[in-house]
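Colleague: I should like to learn how a nonpolar core and the overall form of a chain are read from a model. May we work through one case together?

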Amino acid sequence: MTAMQIFFLIVGLVILGSALMVVTTRNLIHAALWLIVTLFGVAVLFAILDASFLAVVQVVVYIGAIAILFIFAVMLTHKEMRDRGPQLNNSWWLNAIISLLTFGGLFWMLQSWNGFSKTAADFPSSFDAVGQLGKALISPDAFVLPFEVASVLLLAALVGAVYIAFNRK
Amino acid sequence: MIPLSWFLILSAALFSIGLFGVLSRKNAVAILLGIELMLNAVNINLVSFWRYGDVSQMAGQVFAIIVFAVAASEVAVGLALVISVYRRRNTVIADEIDLMKW
């Protein structure tokens with residue numbers, strides 16, 4: 001077992017442990033803070049996978065924008081949830097069984113795939129992954145149309161969010 | 001080097017935890033937290049398939065970026081809806097938001 005594998009196992013345990021805290025902890029502010037730990041662990045995984053641009057975007061967009069937005073939303077609505085009994089609904093044990101079955105089904109399906117345990121080729125040292133990603137995003141032969149559609153979707157969603165949350169009184 | 005299976009198992013476990021959160025939480029904001037966990041599991045899968053396949057094909061990373069954009073817009077609209085419902089009906093519990101229940 002190499003040092004990289006031990007590092008991966010530690011990061012994986014942090015991700016899964018903090019994700020469990022996100023779905024089970026009573027205080028929603030704490031859940032949002034545990035979500036930040038999970039997102040940071042995923043950013044570390046992106047760095048392990050040589051996706052440096054995505055690791056930075058994960059920190060900037062997910063932790064810097066989405067997690068802060070969650071904390072704002074919890075603070076704007078949390079008055080009602082204080083001391084209102086259990087945070088999980090009555091059928092949580094059934095949901096736990098469904099989740100375990102989903103994991104088991106995914107695991108069974110993946111381990112029957114013959115590329116399951118393959119290892120990566122060494123990352124080519126002269127390969128400019130960030131530059132190639134930028135070219136792929138704006139090249140007409142590659143992904144310029146999905147990229148533009150995503151930006152229009154983001155604009156429409158933000159205009160819609162302002163309209164929905166606007167107080168007319 | 002880390003085998004591909006470790007990443008796939010980790011993301012399957014993260015997806016299942018997020019699914020449990022979506023199904024079991026009462027608070028609508030906490031349901032959105034579970035959805036974020038599931039989207040992150042998908043992103044781990046996309047990036048690890050990019051790395052373990054042909055790295056000169058950028059489709060995996062491009063799709064992960066599009067998932068980022070979709071997640072950001074989903075959170076913006078979802079939280080706006082939650083705040084709007086909270087303002088009108090004074091609740092964020094998903095079971096009590098039954099205005100459209102037939």
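Modeller: We shall take chain B and then the core. This is a predicted model, in which local features need pLDDT of at least 70, side-chain atom pairs count only at pLDDT 80 or more, and totals for chains, interfaces and linings use all residues. Residues are numbered from 1 along each chain as its sequence is written, chains are lettered from A, and side-chain values use heavy atoms, with hydrogens and water left out.

Colleague: How many helices and strands are there in chain B?

Modeller: Helices (H or I, at least four residues) and strands (E, at least two) are DSSP runs numbered from the N terminus. Chain B has 3 helices and 0 strands.

Colleague: Why is chain B described as more spread out than a compact globule?

Modeller: The radius of gyration is taken over C-alpha atoms, and the globule rule is 2.2 Å times the number of residues to the power 0.38. For the 102 residues of chain B the rule gives 13 Å, whereas the radius is 17 Å, well over that value, so the chain is more spread out than a compact globule. Its C-alpha atoms fill a box of roughly 55 × 25 × 25 Å along the principal axes.

Colleague: What share of the residues in chain B is buried?

Modeller: Buried means under 20% relative accessible area (1.4 Å probe, protein chains only). Buried residues are 63% of the 102 in chain B.

Colleague: Which residues touch the most other members of the largest nonpolar core?

Modeller: Such a core joins buried Ala, Val, Leu, Ile, Met, Phe, Trp, Tyr and Cys residues through side-chain atoms within 4.5 Å. Here the core has 70 residues, and L45(A), F70(A) and F7(B) touch the most other members. Elements giving two or more residues to this core include helix 3 (52-77) of chain A and helix 1 (4-24) of chain B.

Definitions and conventions. Buried < 20%, exposed > 50% of the residue type's maximum accessible area, 1.4 Å probe, protein only.
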